[in-house]
Amino acid sequence: MSAVHPTLPSQPSPLPSSLPPASAPPSLDAWGLDVVDELLIVGGLDPDAAVWQVRDRSGGEWAVKATRRDCRFGLALAAALGPDSGVVAPLPTRAGDHWAERDGLLVSVSPWILGDDAAEEGRGLDLDQWTELGAVVRRVHDQPPPSAVAPLRAGVKRTGRRARVRLRDLDARFVGASQAPGVDPELAELWHAHRDRLRRLETTALHLKEARSTTTRVSCHGDPHLGNVVVDPAGRPWLIDLDEATVAPREVDLVLVELGVLPGLPVEPEHRAAFRAGYGDDVRLDDDRITRFGCVRALEDVTAVFSALEGAHSPQHDGDPVGVRAGLDDLLGPRGLVSLVEERLARPTPAPITTARISTAPTPGERT
């Protein structure tokens, strides 16, 4: 019998504006966990969430997340996949729910995977791990979407505001910024240097969207890059953080492997081949859709960081504006996603990814 899931308020209360490092996680009574030690994880990119590593009295290690975002779809998807899928699944409460509500926040608990973050210190994955990651992503895509909850995210768009709207807002702010009060002149200069590149990505994305065809929509992790992969002591990669999970064309996930998204960890041809071996060769990816989603992702990432540097962002990052700026330079640099998309656009003829067709029937009315 399925559990009755709690209903979130339409406008959940925000997290405290200044979360002190010693703040304790919410009560875990619903899970029957007696916490004896906790550590706030500093450095998360999400200003609407906080994560703690906790230890219970029996010695179990858990990740506790409190967020004002509606990530119920991702939690339900991870739970449906199960603990052996390679996706970290939430621990159910004693009532059988996959989350609980505390003061307007969505609280979830999942096993803390002891191991190494694949993106830290340039670790990356070996070829066998890339193959296993491909198999994990395929399991996500083959899992029927949960029917009890709907994804908050619509297709490729990850944020509440479209990237092209942020592009217009930033353009309005930075054009003539040398006379505008309160604008960082170095940031304005950087915007002027790259605005034509960003506009080209926008134009390309809109053109490819107009020419798109119908396609199959599947369950998607939403952000399966190496920053969301933890490798356990046995060498097994685990996908974490399904906050961006949705139902969309599979290219929403696979663009991050076909192009790469982390400048410090480029996806090499041998990595891509190993991933495909694990994912399977019974699908044919849409090359234009990969390009379009790459454009959208690049625009989202760049405009989000520009906006963060111009305004308020997570208190966890207030002490590291230099690091945030370095991340922006990476995004716009020769190994960043903007350059990767531009290299793809410069190809005379896109190379086919596989030769076999998708085995499932297309879904009409594709909106992504």
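The second largest cavity of this predicted model encloses about 70 Å³ of space. Its lining consists of R153, V156, R158, G222, V252, V255, L256, F293, R297 and E300. Sorted by class, these residues are five nonpolar, one polar and four charged. Two helices, α5 (251–258) and α7 (287–310), each contribute at least two residues to the lining of this cavity.

Those two helices also pack against each other. The axes of α5 and α7 approach within 9 Å and cross at roughly 80°. An angle from 65 to 115 degrees counts as roughly perpendicular, so α5 is roughly perpendicular to α7. On the α5 side, the contact is made by E251, V252, L254, V255, L256 and E258; on the α7 side, R289, I290, F293, G294 and R297 take part. By class, the residues of this contact are six nonpolar, one polar and four charged. Several names recur from the cavity: V252, V255, L256, F293 and R297 are among the residues that line the second largest cavity, and they are also among those that make the contact between α5 and α7.

Helix α5 has a further partner in α6 (residues 269–279). Here the axes lie 10 Å apart and the angle is about 150°. Angles over 145 degrees count as roughly antiparallel, so α5 and α6, at about 150°, fall into that class. From α5 the contact uses L254, V257 and E258, and from α6 it uses R272, F275, R276 and Y279. This set divides into four nonpolar, no polar and three charged residues. L254 and E258 of α5 take part in the contact with α6 and also in the contact with α7.

The structure holds two cavities of 30 Å³ or more. The largest contains about 80 Å³ of space. W130, P224, H225, L226, L256, V257, G260, V261, L262, L265 and V267 line the largest cavity. Its lining has nine nonpolar, two polar and no charged residues, whereas the lining of the second largest cavity includes four charged residues. L256 lines the largest cavity and the second largest cavity as well. V257, another residue in the lining of the largest cavity, is one of the α5 residues in contact with α6.

How far the coordinates can be read depends on confidence. The protein chain has a mean pLDDT of 84, with 82% of its residues at 70 or more. Confidence is highest in helix α2 (residues 127–142), at a mean of 98, and lowest in helix α8 (residues 321–332), at 82. Over residues 312–318 the pLDDT stays under 50, and the model has 15 contacts beyond four places in sequence for them. Residues 350–366 also have pLDDT below 50, with 43 contacts beyond near neighbours in sequence. Where pLDDT is low, predicted coordinates should not be read in detail.

Definitions and conventions
Residues numbered from 1 in each chain as written. Predicted model: local features only at pLDDT ≥ 70, side-chain atom pairs only at ≥ 80, totals over all residues. Heavy atoms only, no water. 1 Å grid on protein atoms, 1.4 Å probe; cavity = no way out; pocket = protein on both sides within 12 Å on 5 of 7 lines; lining within 4 Å. Points joined across faces, edges and corners; volume = space filled by probe spheres on them. Nonpolar A, V, L, I, M, F, W, Y, C, P; charged D, E, K, R; others polar. Helix = DSSP H or I, 4+ residues; strand = E, 2+ residues; numbered from the N terminus. Axes fitted to C-alpha atoms, helices over the stretch in contact; angles between N-to-C directions. Parallel < 35°, antiparallel > 145°, perpendicular 65-115°, else oblique. Contact = heavy atoms within 4.5 Å. pLDDT = per-residue confidence, 0-100.
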